[in-house]
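Biologist: Please take one part of this model and look at it closely. I would like the largest cavity, its lining, and the surroundings that go with it.

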Amino acid sequence: MDGRRILLEFVLLIFLPFVFAILVPFAYKYIKGIHTGWFVLLVPLVLFGYYLSFIPLTMDGGHAISEIKWIPTLGIAFTSYIDGLSLLFTLLITGIGSLVVLYSIFYMDKKKENLGSFYVYLLLFMTAMLGVVQSDNTMTLYLFWELTSISSFLLIGYWYTRDKSRFGALKSMMITVFGGLMMLGGFILLSIMGETFSIRELIAQAPDLVSHPYFTSALILILLGAFTKSAQFPFYIWLPDAMEAPTPVSAYLHSATMVKAGIYLVARFTPIFGTSSTWIWLVTGIGLLTLFWGSFFAVKQTDLKAILAFSTVSQLGLIMSLLGAGAISYHTTEAMFAFATYAAIFHLINHATFKGGLFMIAGIIDHETGTRDIRKLGGLMSIMPLSFTVALIGSLSMAGLPPFNGFLSKEMFLESMVALRHFELFQFDTWGILFPIVAWVASVFTFTYSLYFVLKTFLGQGKVDQLPKRPHEAPIGMLVAPMILASLVIIIFFIPNVLGKWVIKPAVMAVQPTLYGSPADIDIHVLAWHGFGSVGLWLTVAIVIVGSLLYLTIPKWQPLYKLQPAKLSLNEGYDALMRGSEKGMNRLSRAYMTGLIRTYLLYMFAFLSVTVIAVLFIKDAFVVDMNSFAAITLYGALNAVILLLSIGFVVFAKSRLAAIIALGGVGYSVALFFVIFKAPDLALTQLVIETVSVALFLLAFKHLPALNEHGETKKTKVVNLIISLSVGVMVTLVALSSHSQKLIPSISQYYKDTVATEAGGGNIVNVILVDYRGFDTLFEIAVLAIAGIAVLGMIRLRVSRKETTDENK
Amino acid sequence: MNIFIWVCLIIIFLSMLGTLIRVFKGPSTPDRLIALDGIGVMLISIIALLSIVFDTIFFIDVILLIAIMSFIGTVSFSKFIEKGAIIDRDTHR
C-alpha cells in the first residue's frame with residue numbers, strides 16, 4: 001500500500017470544514033430555497049464516517065500520522081496524529097457536530113437569522129477543534145486552540161445586537177485567550193526543554209524532562225491553559241455567560257467539544273507531567289473543587305441553560321479530577337488508578353451524549369414556550385411528551401442512575417475517589433479522606449439539580465397560559481438529534497464494554513502509554529452490577545436518598561445562597577478586575593501624560609542624565625587624562641568668558657528681544673571660536689546662519705509668547721535647575737572622558753595626504769563635504785529642501801480652525 | 001611686533017566688554033543695537049589680528065562677511081524697531 005499518499009490525505013481533512021466555510025456564504029446567498037444547514041450537514045457526516053474507519057487501527061494500539069510542513073526551518077508543521085485519544089475526540093466533534101447541525105437546521109430560522117455567518121463560524125470552529133485534538137505539533141496546536149477561542153467568541157456574540165451577548169463573548173474571549181497565552185508560554189518552555197515541538201517526541205523524553213528547572217513552570221502554564229478552556233475553578237465564570245449564544249452553539253461548544261479541549265490537553269500531557277506530585281494535586285484538587293462548586297451553585301440558577309452551564313462546569317471538574325487520579329498510576333500498581341483514567345474518558349463520552357441532549361431540550365423549550373426561566377415553567381409533561389422523555393433520560397444519566405450511562409461512570413468515579421484515600425505518596429494519606437467526601441457531597445448536589453432541572457420544568461402545576469407562547473411539541477426534525485443522543489445514553493449503558501474496547505481502551509493507552517503494551521492489556525471490564533459489597537453502590541444509594549430529600553426541601557435551604565454576599569462572587573471579582581484595570585490604566589496614563597512638552601522633556605532629560613551618569617560611574621568609565629589637553633590660549637579664554645556671559649544673559653533675560661540679541665551674541669562668539677580653532681569655512685557659515693536665524697527670530701517675534709508666561713512656580717524652577725545642571729554635568733563628563741580615552745588614532749591624516757593627489761582640491765573641508773563624503777551633503781541638501789517646502793506648506797495651506805474641528809467630529 | 005598685537009587684542013577685548021555691558025544694560029533697544037554693531041566691528045579687528053597671529057590669509061573672507069552681516073543685521077533690526085516687521089507686505093495688491 002502506498003501509505004504516504006493516503007496519509008497525506010487525512011491531514012488535509014482537518015481543513016475540510018474550513019474550505020467549506022468559504023463556500024457557505026455563496027450557498028446562503030444563491031440557494032435560497034434550501035436551508036443552508038443541509039449543505040453544511042454533509043461535512044461532519046462525511047468526516048464522521050471517514051474517521052470511523054480508523055477504529056480498527058487504534059483498537060490494536062496503532063496510530064496514524066500525516067504531516068504537512070508549514071515552516072520547516074522552525075520545525076513547525078501541520079500534523080495529524082491519530083491515536084486512541086485523538087480519535088475519540090475527533091469522533092465526538094464530528095458525531096455531535098452532525099447532530100448539532102441537524103438540530104440547528106430546525107432551530108435557526110431560515111428567514112430571520114443570518115445563517116451564512118452562523119455556519120461559517122461553526123465550520124471554522126470545527127476545523128479549529130479537529131486541529132486541536134489531532135495536532136502533534138505544539139505550535140499548530142496553539143494555533144488551532146486560539147482559533148477555537150476566536151470562533152467561540154464569534155458564536156457567543158452571534159446575536160450581536162444584544163448587550164448580554166457581547167458581554168459574554170468578550171468575557172469568554174478574555175479568559176480563554178489569557179489561558180491560551182499562558183499555554184503558549186508552557187509550550188515554549190517545553191520546546192526549550194525537549195528541543196522539539198512534537199508532543200510524541202516530548203513524551204518519549206518525559207523521564208529526562210522531570211528534573212529540568214523549567215518543568216514546574218511549564219506544568220503550571222499549560223494547566224492554566226487547560227483550566228481556563230475547560231472552565232475550571234476559578235476560571236469557570238465565562239461559561240454561564242456564554243449561554244447567550246444560540247442553543248446549538250451551547251450544546252456543541254459549551255458542553256460537548258470546546259470545553260473539553262482543556263480535558264484533552266490534560267490527558268495528552270499526562271505522560272509528560274503525570275509523574276509530578278504538583279500535577280496530581282492541582283488536577284485532582286482543582287477538578288474536585290470545581291465539581292463541588294459547580295454542582296452547588298447549579299441549584300441556585302433559574303435559567304435552564306444556566307443550570308446546564310453550571311452542571312457542565314461541575315462535570316468537567318469530575319473528569320479533570322479523574323484524570324488527576326489516573327496520573328497516580330505512575331506511582332502505584334494499584335489497578336484502581338488505571339481505572340480512574342478509564343472512568344474519566346468514559347464519563348467524557350457520557351457527558352457529551354447526555355449534556356448535548358439536555359441542551360437541545362432546553363433550546364426546544366425556549367423555542368416552544370418563549371422562556372427559559374424555570375420559575376415560569378412547569379407542567380409541560382403532557383404537552384411535550386417526547387421532549388420530556390429525552391430530558392428525563394438525560395437528567396437521570398447526569399444524576400447517575402441506572403439504566404443510563406452516567407450511572408456507570410459515576411460509580412467508577414466514586415470508587416476511584418474512595419481509593420485515593422489509600423494512596424500513600426505526596427501526603428495523600430493525610431488529606432486523602434477529603435476527596436471521597438467532597439466527591440460524594442458534590443454528587444448529591446448533582447442529583448438534586450438534575451431532578452430540579454427536569455421536574456420543575458415538566459412536572460407541577462401547568463402555568464401554560466401565562467407563557468409568552470402557546471406551547472406545543474417541537475417539530476420532529478428538532479427532536480431527532482436529542483433523541484439519538486438519548487438513545488445513545490441507554491445503549492452505552494448496556495454495551496459499555498464494546499465501547500470500551502473500540503474507543504476507550506485505545507484512549508487510555510494514549511494517556512498512559514508507558515504502562516501498557518497494547519489496549520488489550522488494560523484489564524478493565526465495566527459492570528453495571530458489582531454485587532452488594534461494592535462501595536459505589538451504597539454511595540449511590542445514599543446519594544439518591546439524600547439528594548431526593550434535598551430536592552424536596554429546596555425552598556427551605558435555598559436562602560443559604562443569600563449568605564454569600566453579592567460583592568464576593570467571582571463574577572464580581574472579574575468585573576472589578578476589568579473596571580479596576582481600566583480605571584487604574586486611565587489614572588496612570590493621566591498621571592504621566594500631561595500633554596505638556598515641558599513634562600515630557602523633563603522625563604527624557606532626567607532619564608538620560610541619570611542613566612548616562614550612572615553607567616559612567618558603574619563602569620568606572622570616567623577618566624580625565626590631563627596630558628591629552630591642549631594648552632589654554634589667552635584669546636580662547638577671553639572668548640569663553642564672552643560666550644558664558646552671553647549665555648547667562650539669554651537665561652536670565654527679562655525681555656524676549658534682549659534674549660534674542662544675546663543669542664546672537666552667543667552665535668557670534670561661537671563663530672569667533674571657529675576662528676580661534678582655525679576653521680574658516682565653519683566661521684563663515686556660522687556667521688551667515690546666525691544672522692539669518694536672528695532675523696528669523698525677529699520675524700516671528702510678534703507671534704512668540706512673552707517670556708515666563710507660564711508663571712512657573714518655585715518648585716518647577718528648582719526641578720528645572722536640577723535637571724539642567726545634571727544634563728550639563730552629564731555632557732561634560734562624557735566629553736571629558738571620551739576625549740581622554742581615544743582608542744584609535746584619527747583617520748584625518750589620510751585626508752591630508754590625499755586631498756590634492758586623489759581629489760585635486762586644496763580646501764580639505766570642502767573636499768570632504770563634496771567628494772569623500774558627498775552623500776551626507778546630498779541628504780543635508782534634501783533636509784533643507786524639505787524644510788523649505790514645509791515652511792511654504794505651513795504658510796500657504798491654512799486649514800481654518802473651524803474645518804479641523806469639523807473633521808475631528 | 002608680537003607685543004603690539006597682544007596689546008591691541010587686549011584693548012579691543014576691553015572695549016568689547018564695555019560695549020557688552022551696554023548690550024546687557026540697555027536701557028533701550030537702540031542702545032543695545034548700536035553696541036552690537038560695535039561688537040561686530042571689533043570682531044572684524046580681532047579676526048584680522050588673529051590672522052596675523054596665525055599667519056594665515058584664510059580668514060579674510062570671514063572679515064568681509066562679518067562686515068556685510070553686521071550691516072544687514074543692524075539694518076534689519078533698525079527696521080524691526082521702526083516698523084515691528086522686517087519684510088514689508090505688498091500692500092498694493
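Modeller: Start with the lining of the largest cavity: α28(A) gives the most to it, with five residues. Keep in mind that this is a predicted model. The elements that give two or more residues to that lining are α28 (634-652) and α29 (656-676) of chain A, together with α1 and α2 of chain B. Both chains therefore appear in the list, with helices defined as DSSP runs.

The space itself comes to about 120 Å³. It belongs to a set of six cavities of 30 Å³ or more. In the largest one, 13 residues form the lining. Closest to the centre are A:Tyr635 and A:Leu638 from chain A, with B:Leu9, B:Phe13 and B:Ile46 from chain B. By class, the lining has twelve nonpolar residues and one polar residue. Charged residues are absent from it.

Now step out to the contact between the chains. Chain B gives 29 residues to it and chain A gives 27. Together the two chains bury about 2900 Å². Of that area, 91% is on carbon and sulfur atoms. Three elements give two or more residues to the side of chain B that touches chain A: α1 (2-25), α2 (29-54) and α3 (60-83) of chain B. The one that gives the most is α2(B), with nine residues. By class, this side of chain B has 25 nonpolar, two polar and two charged residues.

What about charge pairing across the interface? Side chains of opposite charge can pair when their charged atoms come close. Between chain B and chain A, the count of salt bridges is zero. Residue pairs in polar contact also number zero there, counting those with both residues at pLDDT 80 or more.

Salt bridges do occur elsewhere. The whole structure has nine over all chains. One of them joins A:Arg268 to A:Asp83, with the closest N and O atoms 3.0 Å apart. This pair links distant parts of the chain, 185 residues apart. A:Arg268 sits in helix α14 (residues 261-273) of chain A. A:Asp83 sits in the loop between β2 (76-82) and α5 (84-107) of chain A.

Two backbone details in chain A round off the picture. Most residues other than glycine have a negative phi, and most peptide bonds are trans. The peptide bond from A:Phe233 to A:Pro234 is cis, with omega near -5°. A:Pro234 is in the loop between α11 (215-229) and α12 (238-241) of chain A. A:Glu195 has a positive phi, near 55°. Its place is the loop between α8 (163-194) and α9 (199-204) of chain A.

Back to the cavity, then: a lining with twelve nonpolar residues, to which α28(A) gives the most.

Methods
Residues numbered from 1 in each chain as written. Chains lettered and ligands numbered in written order. Predicted model: local features only at pLDDT ≥ 70, side-chain atom pairs only at ≥ 80, totals over all residues. Heavy atoms only, no water. Contact = heavy atoms within 4.5 Å. Buried area = accessible area lost by both parts, 1.4 Å probe. Salt bridge = Lys/Arg side-chain N within 4 Å of Asp/Glu carboxyl O. Polar contact = N/O pair within 3.5 Å; in protein donor to acceptor, adjacent residues only side chain to side chain. Helix = DSSP H or I, 4+ residues; strand = E, 2+ residues; numbered from the N terminus. Nonpolar A, V, L, I, M, F, W, Y, C, P; charged D, E, K, R; others polar. 1 Å grid on protein atoms, 1.4 Å probe; cavity = no way out; pocket = protein on both sides within 12 Å on 5 of 7 lines; lining within 4 Å. Points joined across faces, edges and corners; volume = space filled by probe spheres on them.
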